[in-house]
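Ready to work through a structure by hand? Below are some exercises, each followed by a solution in steps.

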Amino acid sequence: MGHVSTADRGHMARALRLARRGLYTTHPNPRVGCVLVAGDGRVVGEGYHRRAGEAHAEVNALADAGEQARGATAYVTLEPCSHTGRTGPCAKALIEAGVARVVIAMQDPNPQVSGRGVALLENAGIAVTLGLLETDARALNPGFIARMAAGRPYVRLKMAMSLDGRTAMASGESQWITGPCARGEVQRLRARSSAVLSGVASVIQDNSRLTVRADQLGLDNADDVARRQPLRVIVDSRLRLPLAAACLAEPGRTLVVAVPGHEAKRRAALEAAGAEVVTLAAGADGRVDLAALMAHLADTEAVNELLVETGATLAGAMLDAGQVDALWLFMAPTLLGAKARGAFALPGLERMADQYRLEIDDIRAVGGDFRIIARPRVTGVPAYTKVP
């Protein structure tokens, strides 16, 4: 990485804080921030990427700085792009603005373009420093990294449960185990996710809407955030979703995922009711192959972060298939008893040697409840030591 100063760290930390302002709005793009600093140490420009299709962080910072960008140092949380998409290449914009140095937190995780932005800058005679506060930058974009590097989303599995690990009464009644602070945090998890996934049994039981509700977000820009509803994904191997399901009437898209072999009439009825139906290969159990579903969501739907909110059967299947990167467990100080429903159906765990081991990253109080963030010891994407 080369020599970096305390000032360098401070400016990159500011760029990361700017990037976080796009936490809920940049899908499917990464969250990126940029700070421009003149030779005398003055910050002359700042910017972040607000949403897909709009200017990138570097372009916003250059516009803020104007002519003061010439000879400045740019602090960018992700390698400047070298290709033309809906916007022009940011590496070229920095070169044309005459910056003297670029400090980058992390390389682009897309193996097809990684390093090209750095090469463009260096070939133009600009000094490049790479890797400053990289861990923080990676924690800000776990989904974009997973999609680019592993070909699947970064998957969070959320559960609300009692202290004895129960998620609902035997009847299915579950509202509400946790309090309003925990439910607000779940709303923010939904808002930052590209998609929310559930199983059809859970959707039928709760008539789930799976939407972001502005009044529960607790954000100053809640109305703006809630305008983008995450893709709703329902695993429904046999197309059992009722045509009057509440989620079909909500803004945004509802994707129903089935296996081949179901009557065209039922599919047509669901599509007429507002669903988009896709069929994927069945796994050994005859249900939707979850690895194939994750690949589909990454490749076809550009899903970066996926939030799973479902019942014990699909939750256990996701864990068993190795498709969960982090568990977000909200535990209320209550007991529901042995007859209540458990959190994870994991057949085959019969001996202590079979137990499913986790690493705990964080435990903290959320209102009157507790939130535990844990992760399986082996997943398909790198572990993040910072809590995202």
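Two strands pair if DSSP finds at least two bridges between them. Helices (H or I, at least four residues) and strands (E, at least two) are DSSP runs, numbered from the N terminus. You're looking at a predicted model, where local features need pLDDT of at least 70, side-chain atom pairs count only at pLDDT 80 or more, and totals for chains, interfaces and linings use all residues. Residues are numbered from 1 along each chain as its sequence is written, and side-chain values use heavy atoms, with hydrogens and water left out.

**Exercise 1. Find the bridge partners of Val35 and Val37 in β3**.

Step 1: Go to strand β1, residues 33-37, and to strand β3, residues 73-76; four bridges join them, and they run antiparallel.
Step 2: Start with Val35, whose bridge partner in β3 is Tyr75.
Step 3: Move on to Val37, which is bridged to Thr73 in β3.
Step 4: Now look at β2 (residues 43-48), which is antiparallel to β1 and joined to it by five bridges. Here Val37 stands opposite Val43.
Step 5: Check the turn of this hairpin: five residues sit between β1 and β2, and one of them, Gly41, has a positive phi near 95 degrees.

**Exercise 2. Work out the strand order of the open sheet of five strands, and say which strands stand at the edges**.

Step 1: Write down the order, which is β2-β1-β3-β4-β5, with mixed pairing.
Step 2: Look for strands with a single partner: these are β2 and β5, so each has one side left without a neighbour in the sheet.
Step 3: Add the twist. On average, neighbouring strands of this sheet are turned by 15 degrees against each other, direction ignored.
Step 4: Place α1 (6-20), which lies across β1, β2, β3 and β4 (101-104) and runs at about 140 degrees to β1. Such axes are lines fitted to C-alpha atoms, for helices over the stretch in contact, and angles run from 0 to 180 degrees between N-to-C directions.

**Exercise 3. Are the residues of β1 buried or exposed?**

Step 1: Get the cut-offs straight: buried means under 20% relative accessible area, exposed over 50%, and partly exposed in between (1.4 Å probe, protein chains only).
Step 2: Go along β1, and you'll find five of its five residues buried.
Step 3: Sort them by direction: Gly33, Val35 and Val37 point one way, while Cys34 and Leu36 point the other way.
Step 4: Follow Leu36 into the largest nonpolar core, which has 51 residues; Leu36 is among the members that touch the most others, and so are Met12, Leu62 and Val102. A nonpolar core is a set of buried Ala, Val, Leu, Ile, Met, Phe, Trp, Tyr and Cys residues joined through side-chain atoms within 4.5 Å.
Step 5: See who gives the most to this core: α1, with five residues.
Step 6: Don't miss the second, separate core of 32 residues, which includes Ala195, Leu290, Leu297 and Val303.

**Exercise 4. Which side chains meet Glu309 in salt bridges?**

Step 1: Recall the rule: a salt bridge is a side-chain nitrogen of Lys or Arg within 4 Å of a carboxyl oxygen of Asp or Glu. The whole structure has 21 of them.
Step 2: Take Lys158, which meets Glu309 at 3.4 Å, N to O. Glu309 is in strand β12 (residues 305-309) and Lys158 in strand β6 (residues 154-162), so this pair ties together parts 151 residues apart in sequence.
Step 3: Take Arg190 too, which meets Glu309 at 2.6 Å, N to O. Arg190 belongs to helix α7 (residues 180-192), so here the parts tied together are 119 residues apart in sequence.
Step 4: Check burial. Glu309 counts as buried because its relative accessibility is 9%, and Lys158 is buried at 16%. Arg190 is buried as well.
Step 5: Set this beside the salt bridge of Arg42 with Asp40, whose closest N and O atoms are 2.8 Å apart. Arg42 is partly exposed at 43%, and Asp40 is exposed at 55%.

**Exercise 5. Where does a cis peptide bond occur, and which loop holds its proline?**

Step 1: Look for omega of about 0 degrees, and you'll land on the bond joining His27 and Pro28.
Step 2: Locate Pro28: its place is in the loop between α1 and β1.

Notes. Contact means heavy atoms within 4.5 Å.
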